[in-house]
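User: Could you walk me through one part of this protein in detail and then show me how it fits with the rest? Keep it relaxed, please; I just want to know what to look at on screen.

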Amino acid sequence: MHHLKGRMPTDDPSRYLTRLCHHFRKKIEVEYDECQGLARFPWGDCRLTARDGALDFECSSASAEQLGRVRFVIDEHVAMFSRRSPMAVQWQAPRPG
């Protein structure tokens, strides 16, 4: 399994969490509330957690390539939902195992 963690600093992490999860739920299985969410993409899972001042992402996938696809989807949707005030996820280096 490959894992990747990221953080997006924001004053309103719950708002972004619910918007992202609501949008993802139109196409994939997603469970979420105002504090946490779990999106099950065809290539891997991504857990979202609203923390004080940030939205955290913990993604996992069977391969590095599939993990890259999960990251791409998250990055594209964060960019889409923050067009007025652009934000980006600060990803840590992926780790296998």
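Analyst:
**Arg15 and its surroundings**

Start with Arg15, which you'll find in helix α1. Keep in mind that what you're looking at is a predicted model. Arg15 has a relative accessibility of 37%, so it counts as partly exposed: the buried class stops under 20% and the exposed class begins over 50%. Now look at what its side chain is doing: Arg15 lies over the face of Tyr16, 5.0 Å from the ring centre. For a link further along the chain, find Cys35. Arg15 and Cys35 are 20 residues apart in sequence, and their C-alpha atoms are 9.5 Å apart in space.

Tyr16 also takes us to the next stop, since Thr10 touches Tyr16. Thr10 sits in the loop between β1 (2–9) and α1 (13–24). With a relative accessibility of 9%, Thr10 is under the 20% cut-off and therefore counts as buried. Its side chain reaches the backbone nitrogen of Asp12 at 3.1 Å. Leaving out residues up to four places away in sequence, Thr10 also touches Gly53, Ala54, Leu55 and Met87.

Ala54 belongs to the stretch that makes up strand β5 (residues 54–61), and Asp56 lies in that strand too. Asp56 is another buried residue, because its relative accessible area is 10%, under the 20% limit. Zoom in on the Asp56 side chain and you'll see a polar contact with the side chain of Arg7, at 2.6 Å. Again skipping residues up to four places away in sequence, the residues that Asp56 touches include Gly6, Arg47, Leu48, Thr49 and Arg51, along with Arg7.

Time for the rings: the structure holds 3 aromatic pairs. In one of them, Phe41 and Trp43 have ring centres 6.0 Å apart and planes at 15 degrees; planes under 30 degrees apart count as stacked, so this pair is stacked. Phe41 counts as buried because its relative accessibility is 7%, under 20%. Another pair, Phe57 with Trp91, is tilted, with 6.0 Å from centre to centre and 45 degrees between the planes. That pair ties distant parts of the chain together, with Phe57 in strand β5, Trp91 in strand β6 (residues 90–91), and their positions 34 residues apart. Phe57 and Trp91 are both buried. Finally, ring pairs join Phe24, Phe41 and Trp43 into a cluster.

Now zoom out. The protein has 2 helices and 7 strands, and from the N terminus the order of elements is β-α-β-β-β-β-α-β-β. Its radius of gyration is 12 Å, close to the 13 Å that the globule rule gives for 97 residues, so the protein is as compact as a globular protein of that length. Along the principal axes, the C-alpha atoms fill a box of roughly 35 × 25 × 20 Å.

A few whole-protein numbers round this off. Of the 97 residues, 39% are buried, Thr10 being one of the buried residues. The accessible surface comes to about 6000 Å², and carbon and sulfur atoms account for 47% of that. Take the contacts between residues at least 6 apart in sequence: 58% of them join residues at least 24 apart.

Technical notes: Residues are numbered from 1 along each chain as its sequence is written. This is a predicted model: local features need pLDDT of at least 70, side-chain atom pairs count only at pLDDT 80 or more; totals for chains, interfaces and linings use all residues. Side-chain values use heavy atoms; hydrogens and water are left out. Helices (H or I, at least four residues) and strands (E, at least two) are DSSP runs, numbered from the N terminus. Buried means under 20% relative accessible area, exposed over 50%, partly exposed in between (1.4 Å probe, protein chains only). A polar contact is a pair of N or O atoms within 3.5 Å; within protein, one must be able to donate a hydrogen and the other to accept it, and residues adjacent in sequence count only if both atoms are side-chain atoms. Contact means heavy atoms within 4.5 Å. Rings of Phe, Tyr and Trp (its six-membered ring) pair if their centres lie within 6.5 Å; planes under 30 degrees apart count as stacked, over 60 as edge-to-face and the rest as tilted. A charge sits over a ring if NZ of Lys or CZ of Arg is within 6 Å of the ring centre and within 35 degrees of the ring normal. The radius of gyration is taken over C-alpha atoms; the globule rule is 2.2 Å times the number of residues to the power 0.38. Accessible areas come from the Shrake-Rupley method with a 1.4 Å probe; for residues, only the protein chains shown count as cover.
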